[in-house]
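Work through the exercises below with the structure in view. Try each task before reading its solution.

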Amino acid sequence: MEISSSVLTAIGHTPLVRLRRVVPADCATILVKVEGNNPTGSMKDRMAQAMLAAAEADGRLRPGDTVVEYSGGSTGAALAMVCAARGYPLRIVSSEAFSADKLIQMVALGAELTLVQSEHGQITKKLILEMIDTAAAFGRQPNTYWTDQLTNTDSITGYHPMGEEIWAQAGGRVDGFVQAVGTAASLRGATTPLKQYNPRLRVVAVEPAESAVLSGGRPGAHLIEGIGIGYRPPMWDADLPDEIIPVPTADAEAMARRLAREEGLFTGTSSGANVLAAIELGQRLGPDAAVATILVDSGLKYLSTNVFRTSRGPSQKSPHGNV
């Protein structure tokens with residue numbers, strides 16, 4: 001083992017794991033990319049590194065500049081980590097609609113946080129647009145670089161290695177790829193090399209059932225963090241996916257809990273949605289196929305949410321000591 005020159009060298013090269021217990025009989029092999037193994041516990045480390053490196057290379061980001069972004073938490077934490085490693089101040093616009101764990105992580109990594117109020121603590125189109133407008137105003141200040149993740153195509157190339165890794169780890173056998181849509185960068189980025197290797201790859205996009213705008217539905221409030229912004233993101237390519245699968249928040253939460261208890265994989269709600277959609281595709285493709293999807297982040301980002309809160313809670317202390 002070698003000594004790394006920076007935390008940034010720890011980004012990527014995450015494990016690919018075959019699911020066993022949550023997959024029904026006569027389903028395809030379901031492979032999950034465990035992106036919670038990245039430094040901040042999220043795949044967003046890949047895009048944060050790519051966006052800032054590209055901006056430095058062409059002069060959009062200069063020494064002493066402040067980086068600005070809006071984020072539900074994972075992108076903010078990833079940018080905070082990369083900014084800390086590269087020496088840039090960071091200002092993040094977020095909301096209490098997202099988990100307190102994510103907000104704490106961003107601040108711990110050095111971000112200055114500005115919170116926008118949400119209605120009933122839910123993720124809505126109105127909230128996302130207010131966050132964007134606030135970040136845009138900060139971004140117009142001198143010596144500031146606004147990464148603007150929803151339109152920044154540098155993030156797409158940041159996910160190319162994820163697709164390359166999946167193909168190599170799967171031994172060159174991937175028949176389907178499933179990914180939830182936030183900015184759409186990860187779906188486009190990972191699919192690019194996978195499609196080059198397998199032009200017949202079946203691609204599935206995932207969105208919240210309560211806000212299934214990509215499927216032609218109306219925007220609505222939901223609690224699947226990181227996806228479902230309430231309108232088609234600017235980087236969305238409608239010709240890329242073969243189908244779109246909407247997943248209800250409650251079902252995504254339930255699968256996240258099952259992954260923890262039955263597979264030992266601690267992850268978040270969008271990952272639960274990904275696995276449900278991957279199983280749906282896998283049942284149609286059959287047991288001879290292999291479907292890959294992404295466990296987007298770590299369950300440690302959701303400890304304060306209802307996803308992992310149960311009525312049982314921690315065990316009570318025994319009169320004879322801890323047991």
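**Exercise 1.** In this predicted model, decide whether Tyr197 is buried, partly exposed or exposed. Then do the same for Trp167.

Solution.
- Step 1. The cut-offs are under 20% relative accessible area for buried and over 50% for exposed, with partly exposed in between.
- Step 2. Tyr197 has a relative accessibility of 41%, so Tyr197 is partly exposed.
- Step 3. Trp167 has 15%, so Trp167 is buried.

**Exercise 2.** Classify the ring pair formed by Trp167 and Tyr197, and locate the two residues in the chain.

Solution.
- Step 1. Two values are needed: a pair of aromatic rings is described by the distance of the centres and the angle of the planes.
- Step 2. Ring centres must lie within 6.5 Å to pair, and planes under 30 degrees apart count as stacked.
- Step 3. By this rule there are three aromatic pairs in the model.
- Step 4. For Trp167 and Tyr197 the centres are 5.0 Å apart and the planes are at 5 degrees, so this pair is stacked.
- Step 5. Trp167 belongs to helix α6 and Tyr197 to helix α7; they are 30 residues apart, and the pair links distant parts of the chain.

**Exercise 3.** Describe the surroundings of strand β3, residues 66-70.

Solution.
- Step 1. Four of the five residues of β3 are buried, and the strand is mostly covered.
- Step 2. One partner is strand β6 (residues 144-146), paired with β3 in the parallel sense over three bridges. Here Val67 has Tyr145 as its bridge partner.
- Step 3. Strand β4 (residues 90-95) also runs parallel to β3, and four bridges join them. In β4, Arg91 stands opposite Val68.
- Step 4. Between β3 and β4 the chain passes through helix α2 (residues 74-86), and this β-α-β crossover is right-handed.

**Exercise 4.** Which residues have the most contacts inside the largest nonpolar core, and which element gives the largest share of this core?

Solution.
- Step 1. In soluble globular proteins, nonpolar side chains tend to be buried together.
- Step 2. The largest nonpolar core here has 50 residues, and those with the most contacts inside it are Leu52, Leu90, Ile166, Phe177 and Leu187.
- Step 3. Helix α2 gives the largest share, seven residues.
- Step 4. Domain 1 (7-37 + 159-301) and domain 2 (43-146) each supply at least three residues to this core.
- Step 5. Leaving out residues up to four places away in sequence, Leu52 touches Leu61, Val67, Leu79, Val82, Cys83, Tyr145 and Thr147.
- Step 6. Another core, of 29 residues, lies apart from the largest one; Leu19, Cys27, Val204 and Ile227 are among its members.

Conventions. Residues numbered from 1 in each chain as written. Predicted model: local features only at pLDDT ≥ 70, side-chain atom pairs only at ≥ 80, totals over all residues. Heavy atoms only, no water. Buried < 20%, exposed > 50% of the residue type's maximum accessible area, 1.4 Å probe, protein only. Pairing = 2+ DSSP bridges. Right-handed = clockwise from strand over helix to strand, strands pointing away. Core = buried A, V, L, I, M, F, W, Y, C linked by side-chain atoms within 4.5 Å. Domains from an automatic or database assignment. Contact = heavy atoms within 4.5 Å. Phe/Tyr/Trp six-rings, centres within 6.5 Å; stacked < 30°, edge-to-face > 60°.
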